[in-house]
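Student: I'd like to learn how to read a few features of this model. Can we go through them together?

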Amino acid sequence: MVSASPASLVSYSILMRLSNSNTMNTIKFATTDKVIYSYAVAALALPNVALCFTEGMPLMACLANVLLPMGVYMALMTLTAKVGKMVWWAFVLIFFAAFQMVLLYLFGQGVIAVDMFLNLVTTNPGETMELLDNLVPAVLGVVVVYVPLLVLGVVSMCRAHGALAMALRRSYRRYAMMVTAGGLACLALAYATVGGYRLRDSLYPVNVLYNLVLAVQRNNASANYYKASANFKFNAHATHPADSTEVYVMVIGETARACNFGLYGYQRNTTPLLEKTPGVVSFTHAYTQSNTTHKSVPMLLSAVSAVDFEQLFHEKGILAAFREAGFHTVFLSNQLPNHSFIDFLGQQADEWQFVKERAGRGTNCYDGDLLPLLDKVLAKGRKREFIVLHTYGSHFNYRKRYPRQMAYYKPDDKSEAEATNRRDLINAYDNTIRYTDWLLASVARRLEHHAGRSAMLYTSDHGENIFDDSRELFLHASPKASQYELHVPFIVWTSASYRQAYPSTVRALGANRNRQLQNSLSAFHTMLDMAGVETPKRKLRYSVANSAYAPMQRLYLNDHDEAVAY
């Protein structure tokens, strides 16, 4: 064994002391309030800088978006000697900044929308965990940038020394006033030179705070729904022969986009069963009026559309209309209740059931689990039945939406939200469409064998982005909706007995199949028209099952619930 010389031991000891001393000095410097102050301002201003690039702002709007908020952040952090206190008092702003950066990672543009806030209170924990599990880069980025800031805030509050001196705080405030003044000047120039510029829409975080206020207002209006709609009546009645046995089923899909359906010319045969099912009519140019579930599904389940969406808070839905007309009504859902309008409208049925609620939280139920419940309803043999099936369809995480034995396209294992995984993501997504094909064919088969006349309407709430182009967008509900989110399937099936009894309806379906339609506008009126349910709310010009159908201007319900042209 070679022994170290005394000189070498002394040298090693000195180096270790120096190293430890340097480390300690670095830590002390990094945890000073001066550093925390700069860190906090930079972290809060990060979304402001990022949005200048993602939103393509004009120069003056861009400068206002950075300078004015940064000046406010700089002043805010000097309100107390302990910067850490202000870091935690500004927690809401830090949360917004982190949320905003995750959304920019997902969608590449747009501020936190009203719909995003509403999604926070209407999305169930299972959906949230599925999404977060596959957003590792975005989550890690937020953790790396913002969590250390909060930790340093605690360090600042707990430390006995190191607070900002009053003279330094005054100096920082002078700088803050200069930056704020520059921001106000740029804001004035933005109003003068940028057409349509509005602070509430274009200045972060003012726009986010404005959207939060709107979200709270909508949530309060939703909470008042039962009282506001209590006396509403459709004055509906049935016009088909009283002795006829009829069953109508409305299937609401989730996140299904038309371009991945074989029925619409997709290169893969994702709809082999529907293509061989007699009585199927697929509409090629169907578009949703919203790329968010909590708005699109209520429009499908009611008479409201983008042009009169506010009426949703005062009117009942399609299940109530059928019920008034003498139909027994059933709402069966493979989604968890979330105290939204979907629940409110679904519970207007004679019977309703949420499969996942009975199965227990954390249980992964497939849409096929709705079929035994449908069988039980049909076995009752009622004269008139209207059934709504609310599916989980193609909602991310795609590979959890179908049984493993029905994984037709492989590999489908990689589900992280990265463009490099697109092959697996598309395979999994296409498997969800094949599973939907199987489900719809199974429903049609049951209705065909059931006594009486029957029809089924299927459409999806919205579509999905799957890293389809250079924008590399993923998922739905993006602030600026893409074609992949808006173009949806719209499919009608009729039984042989229905086609024989109502040939004019079948002819109208065929004649309108290649005409433009908006499912948010037409689903309600088409379903009532096919079932022979009359009400002053039914408009035949919106029904694709009628020769009076007339395509309307394509509208989209924006984040502030304004109907705008596509």
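Student: Which residues form a nonpolar patch on the surface?

Tutor: Some ground rules come before that: this is a predicted model, where local features need pLDDT of at least 70, side-chain atom pairs count only at pLDDT 80 or more, and totals for chains, interfaces and linings use all residues. Residues are numbered from 1 along each chain as its sequence is written, and side-chain values use heavy atoms, leaving out hydrogens and water.

Tutor: A patch takes residues with over 30% relative accessible area and no salt bridge (Lys or Arg side-chain nitrogen within 4 Å of an Asp or Glu carboxyl oxygen); like charges are joined within 9 Å, and nonpolar side chains (Val, Leu, Ile, Met, Phe, Trp, Tyr) within 5 Å. Here the patch is Trp88, Phe91, Val92, Phe95, Leu120, Val121, Val154 and Met157, together about 680 Å² of accessible area (Shrake-Rupley, 1.4 Å probe, only the protein chains shown counting as cover for residues).

Student: Which helix supplies the largest share?

Tutor: Helices are DSSP runs of H or I, at least four residues, and strands are E runs of at least two, numbered from the N terminus. H5 (91-107) gives the largest share, 3 residues.

Student: And how do strands make a sheet?

Tutor: They pair through backbone hydrogen bonds, parallel or antiparallel; DSSP must find at least two bridges between two strands. In this model, 7 strands form an open, mixed sheet ordered S3-S11-S8-S2-S7-S5-S6. Its edge strands, S3 (280-282) and S6 (351-354), each pair on one side only.

Student: How many bridges join S2 to S8?

Tutor: 8, with S2 (246-253) and S8 (453-460) running parallel. Val249 stands opposite Met456 in S8.
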